[in-house]
Amino acid sequence: MSDDRLRSGHQPLDDVLGGGLPGNGISIIMGLPGTGKTIIAEQYTFHNARPDRPAVYFSTLSEPLGKIIRFGQTLDFFDAAAVGRSVFYEDLGQVAGRGGLAGVGDHVAAVLKDRRPGLVVIDSFKALRVLADSDAGFRQFLHQLAGRLSAFPAASLWVGEYESAEAATSPEFAVADAIVELAAIPLGQREHRFLHVRKLRGSGFLAGQHGYRLTAQGLRLFPRLADIPAAGGYPLGGQRITTGIAALDQMLGGGLWPGSATMIAGPSGSGKTIMGLHFIYGGAQRGEPGVIATLQENPTQLTRMLGGLGWPLTHPAVEVMYRSPVDIHIDEWVHDLLHAVEGAQASRVVIDSLMDLQMAAVDDTRFREFMYSLAQRFSRQGISLLITFETSDLFSTSRLTQFAVSHLADNTIVLNYHRDHRAMSRSLAVIKTRASNHHPAIRQFSIGPDGISLEDTAIPEDDVNHGPG
Amino acid sequence: MSQSDAPAAGERPVYSISAVARMLDIPVATLRTWEDRYGQVAPARNASGHRLYTRHQVEQLKFIRAQMSEGASVADAHRVLAERIETGEPLAGAAPQPGPRLLIQLAESDPYAAEFEEYFLKTEGFEVEVTLSESAAREAFTAVAPAVVIVEVLISGGTGLELCRLFREQDGTAIVVVSAVEAMDAAIEAGADAFLRKPIDPLQLVSTVRDLLRSSALMAGRSSR
């Protein structure tokens, strides 16, 4: 029933809600102070208010009306010309002071008759509870108010600083048709905000926690990436594509399958980023656009690195997306990445590095689910993904399995340091390929003016994976 | 509610063909013939094939009738209508008929809905008799002889359609069936003149009652002749 929904004007939010909040129902917006409840309520208010179906915004006993309006004016969508014409602010606190809860119910009914609104906001609804002399009294008030609101063709938003657990015990949650929770979860020195649809009658919705930011344009939501696994894995087909390094293509049995995910693991400085650049520029030279999503090298550092290899940062088939790992929100990051990939019509993507992204994730399970969904989505679209993964332990690859990499990557290439008698050198091994026969040797490689060059000789297994001394 | 995608109140199919025939004093057979011949005013059909007219369509038919009463042939009247629709020129609305205060009976199951319906009808100058049970509704119907009765399907646990059939047998009262569930087909089968889905838009309630009253007034005028 797409014609019976209250829309927010922000498509990702409406998508998460399966089209929107119930158009003739009661929706609770819950969350602790500072999570943006009033902002989202104002967003709905200004998006839906029309002179013939106005929005009425009731403040109650928690925040003075003047403060709500003053704050509202700092938001881009606040339209001063609409106030008094299609948006009406009223103070229910004064009504409550005079006539208690019964007075509140009667006043709301009178406003419905008089203004014939399409949207009624009560902020804060929770604050009304203190007016009841008993639980029974509050339930009676709720029953009456819900009855009146249901009999009238209007949506209503009940905003309240409810804690999560209250949803199970407070009677207002039983009469609500939809419950949307806003929460802030501490992550190191930062806070991550999440929106969570707890209930939505008569409609499907996108479950789980969706990251959001509060901006002057209102709440900006980044729907959780949760793709269902494609049946039968990624489609094998077409021609193999180059890694950008001919000798490595040979080791992989002819290159990578399009749509595959490849993990490049290795300690710091072992050449993972350069291998990623080979992958992108090797594709770009063949007319296959690529996106470098880096959290490691900022554009200046990347320009310097590319300059050494004779590649320009501003290549028409290369899009660089740099985000500082310090303040990223992975849901927002992936939203930006998908946007960049779509814009560039990219068929290759490098993510450098996985560890930086993981630091931005709230928990490991969530992060694995997120990476898996991202790899699945690219795979379905035939976009080949290369991910760098830093192993902190200089000579060990044991962390690879800890991280359940096999789940994520079709191919795994491990870079390592190799000790010979005089100096340290680099080595490379293909330890896993899906749907290919790979060459199992460990090959020495060097990084020169042309990037990575593989040596002809294989290194005996014993010489690798042992620390110096 | 975001009404941008929802059909406007005037575009929802509401009226049965017999209600439209009474409202406009045009025989049912004529309405069918015009529809077949000119395809200009083509009502939606419900699952059982009954025609359901929107308010706009009633306005269009009213316009055709007005053109014909000014001497236009039926074909010309349809042609003028087509031109008006194409140019977007409004069809001149019929002047509201001042008349005696008419009585509307509500046979509601929901006291809150009754409160709003009563208020909006009274604001428009109607007298309203509110009944909240099947037995009270039957008694009042005989006692006050309403011009229009609004019947909720779920009154007294779900006897609204029975009430509708009973009221239909006593000719002369227009019947609007209302319900939160989509019961348009069942309502028309039971003899309702119009069906409104709840929650009811105040404007739609009033305009539906007005339209049906015009048909009653026409009938009253005709029987007194």
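Select strand 8 (residues 178-187) and strand 9 (residues 190-200) of chain A in this predicted model, and follow the ten bridges that join the two strands in the antiparallel sense. With both strands shown as sticks, pick A:Glu181, and across from that residue, in strand 9 of chain A, you will find A:His196. Then move to the turn of this hairpin, where two residues lie between strand 8 of chain A and strand 9 of chain A, and where A:Gly188 takes a positive phi near 60°.

Keep strand 9 of chain A on screen and add strand 10 (residues 209-215) of chain A, which pairs with strand 9 in the antiparallel sense over three bridges. Which residue of strand 10 of chain A is the bridge partner of A:His196? The residue to label is A:Gln209, and with A:Glu181 standing opposite A:His196 as well, the histidine can serve as the point from which to look along both pairings.

**A covered strand in chain A**

Next, select strand 12 (residues 261-266) of chain A, which is mostly covered, six of its six residues being buried. In a regular strand, side chains alternate between the two faces of the sheet. Turn the view until the two sets of side chains separate: A:Ala261, A:Met263 and A:Ala265 point one way, A:Thr262, A:Ile264 and A:Gly266 point the other way, and all of them are buried.

To see the partners of this strand, add strand 16 (residues 384-390) of chain A, which runs parallel to strand 12 of chain A and is joined to it by six bridges. Then add strand 17 (residues 411-419) of chain A, which also runs parallel to strand 12 of chain A and is joined to it by four bridges. A:Ile264 is a convenient residue on which to centre the view: A:Thr388 stands opposite it in strand 16 of chain A, and A:Ile413 is its bridge partner in strand 17 of chain A.

**Where the two chains meet**

Now show both chains and select the contact between them, to which chain A gives 23 residues and chain B gives 14 residues. On the side of chain A that touches chain B, the elements giving two or more residues are strand 1 (5-6) and helix 5 (135-151) of chain A. Helix 5 of chain A makes the largest share of that side, with four residues. If you colour the side of chain A that touches chain B by residue class, its residues divide into seven nonpolar, eight polar and eight charged. The scores of the model, to be kept in mind while examining this contact, are ipTM 0.71 and pTM 0.75.

**Chain B and its two domains**

Hide chain A and look at chain B as a whole, whose secondary structure comes to nine helices and eight strands. Of its 225 residues, 42% count as buried, and among the contacts in chain B with a separation of 6 or more, 61% are made by residues 24 or more positions apart.

Colour chain B by its domain assignment, which gives domain 1 (9-87) and domain 2 (103-224); the C-alpha centres of these two domains of chain B lie 24 Å apart. Selecting the contact between them brings up 15 residues of domain 1 of chain B and 19 residues of domain 2 of chain B. On the domain 1 side, strand 1 (15-16), helix 1 (17-24) and helix 3 (55-69) of chain B each supply at least two residues, and the largest share, three residues, comes from helix 1 of chain B. The residues of this side of domain 1 of chain B divide into eight nonpolar, four polar and three charged.

**A lysine in a loop**

Which loop of chain B holds B:Lys198? Centre on the loop between strand 8 (194-197) and helix 9 (202-224) of chain B, where this residue lies. B:Lys198 counts as buried because it has 20 C-beta neighbours inside 10 Å. Leaving aside neighbours within four places in sequence, B:Lys198 is in contact with B:Ala113, B:Val178, B:Ser179 and B:Ala180. For a distance across the chain, select B:Ala75, which is 123 residues from B:Lys198 along the chain, and whose C-alpha atom is separated from that of the lysine by 39 Å.

**Confidence along chain B**

Finally, colour chain B by pLDDT, for which the mean is 86, with 87% of residues reaching 70 or more. Over residues 1-5 of chain B the pLDDT is below 50, although this stretch has 18 contacts in the model beyond near neighbours in sequence. Over residues 221-225 of chain B the pLDDT is likewise below 50, and this stretch has zero contacts beyond near neighbours in sequence.

Notes:
Residues numbered from 1 in each chain as written. Chains lettered and ligands numbered in written order. Predicted model: local features only at pLDDT ≥ 70, side-chain atom pairs only at ≥ 80, totals over all residues. Buried ≥ 20, exposed ≤ 12 C-beta atoms within 10 Å, placed from the backbone. Contact = placed C-beta atoms within 7 Å. Nonpolar A, V, L, I, M, F, W, Y, C, P; charged D, E, K, R; others polar. Domains from an automatic or database assignment. pLDDT = per-residue confidence, 0-100. Pairing = 2+ DSSP bridges.
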